[in-house]
Amino acid sequence: MDLRSRKCQQNDQMSQFNCPVCLDLPNDPVTIPCGHSYCMACIKDYWSKDDPNGVYSCPQCRQTFCPRPSLSRNTMLAEAVDQLRRGIPRSVVSRSIKLKTQKRLPSSAVQCDLCQGEQKAAVKTCLVCMSSYCENHLKPHQTTKALKEHELIVPTANLADKICTQHKYLQEFFCRQCKVFICWLCTSNQHKGHESVSTKAERTDKEVRPKGLSEMQAENQRRLKDRQQELKDMKKMMDGMKRSADRVHSDSEKVLLDLQHSVERLQELLEEVLDEVGREKMEQAREVTENLEAEIKELQRRETQMKDLAQSEDHIYYLQMYETMCSPLESGDLPAVQVNHDASFEPVRDAILDLRERVEDLCNLELDKITKKVREISLDSIQAPEPRAREDLLQYSVNFTFDPNSAHRRLLLSEGNTKATLQGEMVPYADTPQRFDGWTQVMCGTPLHSQRSYWEVEWRGRGSSVGVAYGSLSRKGSDARAGLGYNAQSWTLELSDSCCCALHDNQKRDIPVTYSPRLGVFVDLNTGTLSFYGVAESLTPLHTFRANFTQPLYAVFGVGSGLGVGLDFARGQFSSTSDSVKLCPM
């Protein structure tokens with residue numbers, strides 16, 4: 001293709017977005033009822049010159065409208081024009097518009113294997129051709145003699161995976177005993193005597209069950225609605241927080257600027273006071289100094305006269321001057337001047353420094369208060385949705401192993417340190433500071449690292465304890481300091497085949513629940529909650545502790561709790577090995 005041809009082709013591609021009136025990219029593009037698009041100003045101007053009888057036409061297809069139609073903004077074209085003006089290649093924009101205008105097939109639809117470009121839904125699947133066809137591409141199977149003999153079935157996706165690999169027939173049956181799909185020949189061979197039904201019958205059976213697809217769909221819709229509402233609430237909360245943060249930021253900037261101006265004004269007033277008072281005090285001191293200097297000069301003059309008079313031999317002169325010497329001084333009789341040698345402005349400086357310290361302390365105190373309030377808002381307002389089902393909790397699942405250095409000597413660890421079984425005989429464990437020596441308990445080796453953690457445990461026997469504790473929990477002795485739930489360092493659920501109770505800081509609360517051999521434990525450090533669930537076909541909430549966890553938490557377990565076990569140990573008659581706790585893999 002030569003340069004001229006390529007340029008013409010590019011111009012043709014560019015023209016698909018242009019307004020047919022002004023032949024340029026449209027400004028504020030609108031669409032009229034026939035489907036053509038124009039600049040709003042262009043079509044209004046064109047129609048202003050149209051038929052005065054009230055009949056309006058399309059400049060391209062000449063379709064007429066009466067009365068004048070309303071103009072609807074073409075948002076897709078407006079977006080494309082905006083992309084073009086931002087320099088995005090027209091080929092990319094065209095491809096984007098094409099993808100947006102294509103109709104999406106439902107997820108349950110089977111695509112035609114022959115359609116190119118826009119995909120259409122298949123109406124039949126051919127077992128001979130092993131392909132699916134839409135209505136148009138199915139026509140050869142309806143008109144060609146050879147193809148008419150092919151067996152057609154309802155549209156089926158992934159057909160190759162639904163053909164029996166041994167007999168090459170469609171797997172139209174379901175073996176309920178083996179829970180596999182089979183063909184009609186399999187029902188007479190490998191699965192002979194098994195309860196085999198058609199896939200249609202199996203589907204009908206599942207549809208009428210109490211927990212059928214309709215109920216699961218209703219539950220899914222409920223969860224979807226809840227999640228959408230939660231997302232809406234979160235976005236609304238985030239928008240509100242952003243507006244609030246912007247407002248507080250603006251207000252705080254203004255307040256602090258006003259405070260800065262107040263400090264500057266204080267500085268100005270202080271300088272004025274210092275200057276005024278300083279001048280006043282210095283003027284007073286200068287006046288006293290000048291008076292003192294005048295009196296000293298007069299006294300010095302009189303001192304000289306007195307010396308001369310005392311040495312004079314002229315008696316008449318002596319008597320004449322004597323009266324003069326007895327007269328008051330010309331400068332007057334000044335009172336005695338008491339000089340304060342400690343007089344200075346240093347106390348003012350000390351007061352200013354004290355003011356600075358007090359203002360800094362006040363600012364730090366208020367900053368701590370403000371920071372605390374900000375963090376409280378962040379923690380209390382922005383939280384992940386509360387889990388409602390086991391599937392929600394499993395995303396926070398963790399896997400633990402028991403710490404062999406903490407296990408009581410009557411607990412035998414097995415299965416990779418995930419199972420602890422109560423023994424009558426002592427296990428020869430080494431003596432370690434972490435080992436429980438009074439209570440038959442064991443602690444996991446690592447603390448909870450995530451803000452949210454979930455694990456499950458199975459217990460067997462007459463009773464067990466499942467809970468969490470700080471690493472500072474005492475390990476030695478049989479008193480309450482080391483017993484799970486009997487102190488302020490631990491929280492637990494005590495279980496047996498007949499009762500259940502929640503225990504913390506030696507405070508018990510009985511829980512009326514049925515026998516629950518598998519427990520789920522969920523810890524949310526953000527909200528300070530520890531929740532226990534009975535795990536079966538569905539979760540059964542048992543109890544929730546609310547606490548301010550101040551130290552790292554460890555999972556802790558007591559095996560064989562209960563009065564009967566303690567009496568057996570005391571009598572030396574314990575022989576059962578049925579009491580155990582096992583960490584379930586997640």
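Here are a few worked exercises on the structure above, which is a predicted model.

**Exercise 1. Classify the ring pair formed by Phe-402 and Phe-557, and work out which parts of the chain it ties together.**

Start with the overall tally: the structure holds eleven aromatic pairs. For this one, the ring centres sit 5.5 Å apart and the planes make an angle of 75 degrees, so we call it edge-to-face. The cut-off at work here is that planes over 60 degrees apart get that label.

Next, place the two residues. Phe-402 is in the loop between α11 (390-394) and β12 (411-414), while Phe-557 belongs to strand β23 (residues 553-559), so the contact ties together parts 155 residues apart in sequence. Last step, the surroundings: Phe-402 and Phe-557 are both buried.

While you're looking at rings, find Tyr-470, Trp-491 and Phe-549 too; ring pairs link them into a cluster.

**Exercise 2. Find where Arg-176 and Glu-195 lie, and decide whether each is buried or partly exposed.**

First, the contact itself: Arg-176 and Glu-195 form a salt bridge, with 2.9 Å between the closest N and O atoms. Arg-176 sits in the loop between β9 (173-175) and β10 (180-182), and Glu-195 in the loop between β10 and β11 (196-198), so the bridge ties together parts 19 residues apart in sequence.

Now the accessibility. Buried would need under 20% relative accessible area. Arg-176 comes out at 25%, so it's partly exposed. Glu-195 is partly exposed as well, at 46%.

**Exercise 3. Take the salt bridges Lys-206 to Glu-202 and Glu-268 to Arg-265, and explain the sequence spacing in each.**

Begin with Lys-206 and Glu-202, whose closest N and O atoms are 2.6 Å apart. They're four residues apart in helix α7 (residues 199-208), so about one helical turn separates them. Their accessibility classes need a check on each side: Lys-206 is partly exposed at 40%, whereas Glu-202 is buried at 8%.

Then go to Glu-268 and Arg-265, where the closest N and O atoms are 3.2 Å apart. These two are three residues apart in helix α8, so again the separation is about one helical turn. Glu-268 has a relative accessible area of 41% and is partly exposed; Arg-265, at 42%, is partly exposed too.

To put these bridges in context, the full count comes to 25 salt bridges. There's also a network of them linking Arg-390, Glu-456, Glu-458, Arg-460 and Arg-518.

**Exercise 4. Work out how Val-288 and Val-337 come to share a nonpolar surface patch.**

List the members first: Val-288, Leu-292, Ile-296, Val-337 and Val-339 make a patch of about 390 Å². Then locate the two valines. Val-288 is in helix α8, and Val-337 is in the loop between α9 (315-326) and α10 (346-381). In sequence they're 49 residues apart, but their C-alpha atoms are 8.3 Å apart in space.

Finally, test them against the entry rule, which asks for over 30% relative accessible area. Val-288 has 37% and Val-337 has 40%, and both values count as partly exposed.

**Exercise 5. Identify which residues make the patch of negative charge, and place Glu-272.**

The patch gathers Glu-271, Glu-272, Asp-275, Glu-276 and Glu-280 on the surface. Glu-272 lies in helix α8 (residues 213-311). With 46% relative accessibility, Glu-272 counts as partly exposed.

Definitions and conventions: Residues are numbered from 1 along each chain as its sequence is written. This is a predicted model: local features need pLDDT of at least 70, side-chain atom pairs count only at pLDDT 80 or more; totals for chains, interfaces and linings use all residues. Side-chain values use heavy atoms; hydrogens and water are left out. Patches are made of residues with over 30% relative accessible area and no salt bridge: like charges are joined within 9 Å, nonpolar side chains (Val, Leu, Ile, Met, Phe, Trp, Tyr) within 5 Å. Accessible areas come from the Shrake-Rupley method with a 1.4 Å probe; for residues, only the protein chains shown count as cover. A salt bridge is a side-chain nitrogen of Lys or Arg within 4 Å of a carboxyl oxygen of Asp or Glu. Lys and Arg count as positive and Asp and Glu as negative; His and the chain ends are not counted. The place of a charge is taken as NZ of Lys, CZ of Arg, CG of Asp or CD of Glu. Buried means under 20% relative accessible area, exposed over 50%, partly exposed in between (1.4 Å probe, protein chains only). Rings of Phe, Tyr and Trp (its six-membered ring) pair if their centres lie within 6.5 Å; planes under 30 degrees apart count as stacked, over 60 as edge-to-face and the rest as tilted.
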